[in-house]
Amino acid sequence: MSTDILRPGGDPTTGVAHLPVEESTSLWGRLPCAADAPVLRLDPGDEVVVDTLSHEGILEDQGRDPVAFFAAHGVDPEQVLPDAIALAAGHPGRDPRRDGPHVVTGPIHVAGARPGDLLRITILEHTPRVPYGVVSNRHGRGALPGEYPRGEGSVSIFAGVEETGDGLVGTMAPRAGAERTIRFPLRPFLGIMGVAVPGAERPHSVPPGPHGGNIDLNLLTAGSSLYLPVQVEGALAYVGDPHFAQGDGEVALTAMEASLRSRLRLDVIPREEAVEQFGEVVGPLAETAEHLVPTGMDEDLDRAVQDCVRQAIALLQARWGLDPEHAYAYLSAATDFDISQVVDVVKGVHARIRTADLAEVRR
């Protein structure tokens, strides 16, 4: 296995701020709120390089010792990220019975962002920090709680990374003790991207919401953007829960969880401009080269679908001037509604609206 890992530390020659993941720059199991002090301040349009850490290998049910955990999967100690080792030994106030599993880096204050505006986080680049990852099923969660895990305790499946002529692929064994002969493409993205909520209580890291958070939207690869309704002054943005690959649904509970270094640009869309472009955005909205992607979230999957459809209709009305009946019909004829995830208490649905379909529409 390659020993090429991305250790903490930025390149000062780039002129771009680098945010490492340390105890002082991260939360473990909770998301920022208005009472949290920013760990970095940026102007709109600034770029930042953010290190993120996977929670897999550092959690209590895995021994909270990443060196020992990954050694059992054949990973040499020097291939374990030093910030993962330090973080697992820190955060003494973490309560695994009360807090979520995710590590988030931030919050970042963006000058001029106010409630009612949209914060646009554009993903410029995702770089794997390690050549391996983990997929876990635990706590009787996932799409089949009560059926899996089949035995006591958690199940963590190790996955490797190989470089091919077509790019990086993940590798996984078909059964315990076998060689990793399953191969699948990697599409790195951040499962958690969000803004702080009002008040002085930090939200749990698992359920997503209007603030974003654990949305697990696998379309947020390099080149895409996420729009989030600003909740507090300065937005107080954060990211975490890095993934190398995830199928829609994330049915086992986790994706292929593995640490990333991400280069991001943060912009502020003033309320008036945001409403003109997108209508009233009440939750996360993504944009790729081909699609606008409204989302719906609810503990009930049917309601999540309904919320997503409503957001899609509102977007078509605001952006292209469709009336509701024609918007509804177009969505039924041409738009896929996909399940983002069903494992984070609040379930997620996203719609992929092809912008090319509407290129000739005039208001």
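How much space lies in the largest cavity? In this predicted model, the largest cavity encloses about 120 Å³ of space. Its lining is made up of 15 residues, and those closest to the centre of the cavity are Ser 54, Glu 56, Phe 70, Tyr 132 and Ser 259. Strand S7, which spans residues 132-137, gives the most to this lining, with three residues. Sorted by class, the lining of the largest cavity has 10 nonpolar residues, three polar and two charged.

The structure holds four cavities of 30 Å³ or more. The second largest cavity contains about 80 Å³ of space. Its lining consists of Phe 278, Glu 280, Val 281, Gly 283, Pro 284, Leu 285, Pro 294, Thr 295, Gln 311, Ala 314 and Leu 315. Two or more of these residues are given by each of strand S18 (291-298) and helix H4 (301-320). Helix H4 supplies the largest share of the lining of the second largest cavity, three residues. By class, seven residues of this lining are nonpolar, three are polar and one is charged.

Pockets were examined as well as cavities. The volume of the largest pocket is about 440 Å³. A total of 24 residues line the largest pocket, and Val 135, Met 172, Phe 184, Ala 255 and Met 256 lie nearest its centre. The lining of the largest pocket comprises 15 nonpolar, five polar and four charged residues.

Notes:
Residues are numbered from 1 along each chain as its sequence is written. This is a predicted model: local features need pLDDT of at least 70, side-chain atom pairs count only at pLDDT 80 or more; totals for chains, interfaces and linings use all residues. Side-chain values use heavy atoms; hydrogens and water are left out. On a 1 Å grid over the protein atoms alone, a cavity is a set of points where a 1.4 Å probe fits but cannot get out, and a pocket is an open set with protein on both sides within 12 Å along at least five of seven lines; lining residues have an atom within 4 Å of a point. Grid points are joined across faces, edges and corners, and a volume is the space filled by probe spheres set on the points. Ala, Val, Leu, Ile, Met, Phe, Trp, Tyr, Cys and Pro count as nonpolar, Asp, Glu, Lys and Arg as charged, and the others, Gly among them, as polar. Helices (H or I, at least four residues) and strands (E, at least two) are DSSP runs, numbered from the N terminus.
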